[in-house]
Amino acid sequence: MTIRTDGLKNLSNQPTADAIDPTAESRKKDHIELAFQSQVAEQLLDGRFYYEPILTGHPEEGSLPTTHLLGKTFEAPLWVSSMTGGTQLARTINFNLARACKDFGLGMGLGSCRALLYSDEYFDDFDVRPLIGNDQPLYANLGIAQVEELVVAKQYDKLRKLIGDLRADGLIIHVNPLQEWLQPEGDRYRLAPLETIEAVLEHSDFKVIVKEVGQGMGKASLKALLQLPLEAIDFAANGGTNFAKLELLRSTTEKRDLYSSLALVGHSAAEMVDFVNELVVELGPQLVCKQLIISGGIRTFLDGYYLLQKSTLPAVYGQASGFLKHARGTYEELATYIETQIQGLELAHAFLKVR
């Protein structure tokens with residue numbers, strides 16, 4: 001039998017499949033070998049989102065919408081939560097984080113600046129305004145116990161000097177009764193934190209953010225704060241670094257046995273978002289503070305995206321340990337971590353809708 005070849009293209013001159021896609025064979029082999037390892041049980045599916053793959057193409061780099069908060073613009077809705085100061089390693093961490101905030105358009109809260117009230121020895125560890133620049137928010141940070149001391153002594157000028165020396169946009173006051181109680185060197189404060197915060201707001205002209213330090217806050221505390229002229233409330237919810245547990249780990253065995261249950265007290269970031277959403281409706285015109293930093297237990301960009309979408313108030317999400325893990329080494333390691341988060345947020349905005 002004769003096979004006619006006239007009128008047919010010379011198939012030998014056509015590009016092979018490997019030439020069109022040189023990775024095809026190895027990729028398909030990977031797919032076959034990894035298929036069984038890649039199955040996901042139904043009960044493990046993330047039920048927070050509708051996945052909508054039909055409605056848009058892949059997001060372009062830089063497609064993330066900007067966020068206007070704290071009087072400045074965030075290129076990505078990430079907040080570097082207050083961490084540390086006073087050691088050589090802390091200086092490396094703070095400098096890396098401040099540089100990243102400038103490069104990626106983020107905001108930053110410094111670690112406790114308590115030492116700067118009494119000495120300039122560690123000032124250079126905190127002096128990051130030249131690195132972060134003037135366009136991104138930078139906040140100093142003091143514990144409520146130290147602020148109470150200054151309020152009782154009517155030394156508001158020391159607060160103003162701290163903020164001025166650091167060229168900060170304002171002050172974060174962190175409230176930490178459980179941590180102070182459990183800390184071997186902990187302070188005791190006599191006034192209700194609300195009373196101290198109100199005094200600062202009355203006698204000062206700088207912006208104030210109030211946060212907890214790992215337990216979060218219940219609805220009554222949030223209600224009181226939302227009626228004050230605060231710049232924002234930072235959740236610091238239970239689920240991230242738990243400072244009550246941290247101090248117990250530094251304590252005696254007897255104290256750990258007695259107080260370990262306190263580390264389990266508190267509220268998650270998701271619960272606090274629900275509290276605030278309810279209070280926005282409940283307070284109506286009495287609502288004064290209208291900005292949030294949602295932090296505590298946010299481990300991935302999906303956690304952050306979900307809570308930002310759920311919040312009825314403008315917000316960014318904060319992380320401490322996630323940044324800390326990558327800020328202790330080279331700047332490049334930290335930059336890669338942040339780039340990955342931003343790319344994840346871009347994908348989430350393109351393809352995920354909150355249920």
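**Close-up 1. The residue that follows helix α7 in this predicted model.** Directly after α7 comes Arg167, and the phi angle of this residue is positive, with a value near 55°. The helix that precedes Arg167 runs over residues 156-166.

**Close-up 2. The buried residues of helix α7 and their surroundings.** Within α7, the residues Tyr156, Leu159, Leu162, Ile163 and Leu166 are buried. These five lie on the same side of α7, because the arc that they cover around the axis is only 120°. The elements against which the buried residues of α7 pack include the helices α4 (123-126), α5 (129-132), α6 (144-152) and α9 (193-203), and the strands β6 (138-143) and β7 (170-175) are also among these packing partners.

**Close-up 3. The crossing of helices α7 and α9.** The axes of α7 and α9 come within 11 Å of each other, and they cross at roughly 75°, which means that α7 is roughly perpendicular to α9. On the α7 side of the contact are Tyr156, Leu159 and Arg160, which meet Ala199, Val200 and His203 of α9. Sorted by chemical character, the residues of this contact comprise four that are nonpolar, one that is polar and one that is charged.

**Close-up 4. The protein chain around these helices.** The protein chain holds 16 helices and twelve strands, and of its 355 residues 46% are buried. Among the contacts in the protein chain with a separation of 6 or more, 77% join residues that are 24 or more positions apart. The area that the protein chain exposes is about 19000 Å², and 53% of this area is supplied by carbon and sulfur atoms.

Terms used:
Residues numbered from 1 in each chain as written. Predicted model: local features only at pLDDT ≥ 70, side-chain atom pairs only at ≥ 80, totals over all residues. Heavy atoms only, no water. Buried < 20%, exposed > 50% of the residue type's maximum accessible area, 1.4 Å probe, protein only. Helix = DSSP H or I, 4+ residues; strand = E, 2+ residues; numbered from the N terminus. Arc of directions from axis to C-beta. Contact = heavy atoms within 4.5 Å. Axes fitted to C-alpha atoms, helices over the stretch in contact; angles between N-to-C directions. Parallel < 35°, antiparallel > 145°, perpendicular 65-115°, else oblique. Nonpolar A, V, L, I, M, F, W, Y, C, P; charged D, E, K, R; others polar. Areas by Shrake-Rupley, 256 points an atom, 1.4 Å probe, with all protein chains shown as cover.
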